[in-house]
Amino acid sequence: MNDEDNKLMAERRRKLGLLREQGSAYPNDFRRDALASQLLAAYADRDADWLDANPIRVRVGGRMMLRRVMGKASFAKIADRSGQLQLFLQESALGPAYEAFKGFDIGDLLGAEGQLFRTRTGELSVRVEVLRLLAKSLRPLPEKWHGVADTELRYRQRYVDLIMTERSREVFRTRSRVLRYLRDFLDALDFLEVETPMMQPIPGGAAARPFVTHHNALDLDMYLRIAPELYLKRLIVGGFERVYEINRNFRNEGLSTQHNPEFTMLELYWAYTDYLELMDLIERLLHGLADGLFATRLLTYQGREYDLARPFKRITIEAALLEQNPALERSRLREPAYLRSVCAQHSIACLPHEGAGKLQISLFEKTVEQTLLDPTFVYAYPLEVSPLSRANDADPFVTDRFEFFLAGRELANGFSELNDPEDQAQRFRAQVQLKDSGDDEAMHYDADYIRALEYGMPPTAGLGLGVDRLVMFLTDSPSIRDVLLFPHLRPET
């Protein structure tokens, strides 16, 4: 904060001190009966003569965003959650309250009561007869007409960003509409929304590094969940054949434009279906979101048009590698030594224990992923990197798994679930060996989950959809921090 801001705050604190001497400085007895948008919509077609002939008295409240003092008459604009409305204030109508208004500051919260009218320029306004200061703003707002440009301020002080920037408010309104649509979409398909533990004794359901905490009463180390998958599939075993959860996951990983340590996922599990039907489900879901939010399937993200009406591309991992790397030898795509040499050409670090499947994915992430701009399902992921997925019947090197890409980033991961308890137990043991060899993201052995599978899980397909990344695309936001109200940041110095 600079010296000028310190002076402004000192002056505002002086004014607050005077208010305290007069009584309650933060009253809570004013009740408004209308919002700005409601009034603007309800009386949009009413002219000045009609408003004069049909007196409409209203009580409105909001933050003062603009003030023009002109002798014995002044104008102000207040903002509520729906928009802005103009106030017209006269000394003759307000008496001593008008003089007090002259000392109000931009950012103060006001309550006003009066009659609607139209100014000479035709703007719907309130001719104020009663004016109240409801809360004093001690900090000056940024001097920006078009929002907050400083990204550090936007993310760290989101409350200021929301006060000043209509686009930011609209992004989070859209996020709320997306979440509502996801729930409505799945509820209509007879899915049941559930909640599963955020703290888990064993972190499972994904390859990621967890956050660790400790439960004192149980004297037990616990983990913030990296995924709800294994608990949701326990519910499939229990007879809830269609379940979903929209909630937070936590992964102890880096910060970037695409990653935040806590993020929102939709996970669903659907008995008696397979991964192919989940691809169709995602297409229908994206179509419905585009239709419902924008009434068009031709969307723009970061200056590029995306036609969601066209069939989404479907391609295997190996075909995608060959498409973007023409020099690759098709017949050697499953040879670890050959793949290591190719990875070395692309400066991709490889660990000694990694097999052909993991090497394929490393090469895919480096050379293919960012090229997948249009909606694309990439399927037939190697079994080596898919410890919870069902192996493909015709080609056991791969699984019945896909990832969905849009605008060069992964939005969803889905697969036909592995429901063979003995196969799953063996894969967990292989993961434990990887963890023992230094892989911090390898999975633990979950004995209770194996026990659940031993009771029998029906053929099932499961899907995880990154809500934050989906909202990024739908709101044309370049960073995940733009769609999180309070993203994680380094502490202020």
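Hi everyone. A residue is called buried when its relative accessible area is under 20%, exposed when that is over 50%, and partly exposed in between. Keep that in mind as we walk through this structure, which is a predicted model.

Let's try the word out on helix α11, which covers residues 317-324. Which of its residues are buried? They are Ile317, Glu318, Ala320, Leu321 and Leu322. And what do those buried residues pack against? Their partners are β14 (313-316), α13 (356-367) and β15 (376-379). One general point helps when you look at a helix: an α-helix has 3.6 residues a turn, so residues three or four places apart point the same way.

Now to the barrel. Five strands make a closed barrel, in the order β1-β2-β3-β5-β4, and their pairing is mixed. On average, neighbouring strands in this sheet are turned by 55° against each other, with direction ignored. Have a look at β1 and β2, the latter being residues 73-80: they run antiparallel and are joined by 7 bridges. If you want a spot to click on, take Leu66, whose bridge partner in β2 is Lys77.

There is also a hairpin, built from β8 and β9, with 4 residues between the two strands. In that turn, Asp219 has a positive phi of about 50°. Strand β8 is residues 212-215, β9 is residues 220-224, and they pair in the antiparallel sense over 4 bridges. Which residue of β9 is the bridge partner of Val212? That would be Tyr223.

On to charged side chains. How many salt bridges does the structure hold? There are 42. I picked three pairs for you.

The first pair is Arg59 and Asp33, whose side chains meet with 3.8 Å from N to O. Arg59 sits in strand β1 (residues 57-70), while Asp33 is in the loop between α1 (3-22) and α2 (36-42), so this salt bridge ties together parts that are 26 residues apart in sequence. Are these two buried or partly exposed? Arg59 has a relative accessible area of 29%, so we call Arg59 partly exposed. Asp33 comes out at 42%, so Asp33 is partly exposed too.

The second pair is Asp105 and Lys136, with their closest N and O atoms 2.5 Å apart. Asp105 is in the loop between α5 (96-102) and β4 (109-118), and Lys136 is in the loop between β5 (124-135) and α6 (151-156). The pair is 31 residues apart and links distant parts of the chain. Here both partners are buried: Asp105 has a relative accessible area of 13%, and Lys136 has one of 7%. These two also belong to a network of salt bridges with shared partners, which joins Arg12, Lys15, Asp105, Asp108 and Lys136.

The third pair is Glu403 and Arg401, meeting at 2.9 Å from N to O. Both Glu403 and Arg401 are buried.

Two polar residues are worth a stop as well. Gln424 is in helix α14, residues 421-436. With 0% relative accessibility, Gln424 counts as buried. Setting aside residues up to four places away in sequence, Gln424 touches Pro387, Leu388, Leu418, Tyr449, Ile450 and Leu453.

The other one is Ser416, in strand β17 (residues 409-416). Ser416 is buried, at 5% relative accessible area. A polar atom of the Ser416 side chain lies 3.0 Å from the backbone nitrogen of Tyr275. Beyond its neighbours up to four places away in sequence, the residues that Ser416 touches include Asp274, Ser389, Arg390 and Asp400.

Last stop: the nonpolar cores. In soluble globular proteins, nonpolar side chains tend to be buried together. In this model, the largest nonpolar core has 46 residues, and Leu268, Phe402, Phe404 and Phe473 touch the most other members. Helix α10, residues 275-294, gives the largest share of this core, with 9 residues. Leaving out neighbours within four places in sequence, Phe473 is in contact with Leu299, Tyr301, Tyr306, Leu308, Leu406 and Ala407. Apart from the largest core lies another one, of 26 residues, among them Val58, Leu85, Phe101 and Leu131.

That's my tour. Thanks for listening!

Key: Residues are numbered from 1 along each chain as its sequence is written. This is a predicted model: local features need pLDDT of at least 70, side-chain atom pairs count only at pLDDT 80 or more; totals for chains, interfaces and linings use all residues. Side-chain values use heavy atoms; hydrogens and water are left out. Two strands pair if DSSP finds at least two bridges between them. A salt bridge is a side-chain nitrogen of Lys or Arg within 4 Å of a carboxyl oxygen of Asp or Glu. Buried means under 20% relative accessible area, exposed over 50%, partly exposed in between (1.4 Å probe, protein chains only). Axes are lines fitted to C-alpha atoms, for helices over the stretch in contact, and angles run from 0 to 180 degrees between N-to-C directions. Contact means heavy atoms within 4.5 Å. A polar contact is a pair of N or O atoms within 3.5 Å; within protein, one must be able to donate a hydrogen and the other to accept it, and residues adjacent in sequence count only if both atoms are side-chain atoms. A nonpolar core is a set of buried Ala, Val, Leu, Ile, Met, Phe, Trp, Tyr and Cys residues joined through side-chain atoms within 4.5 Å.
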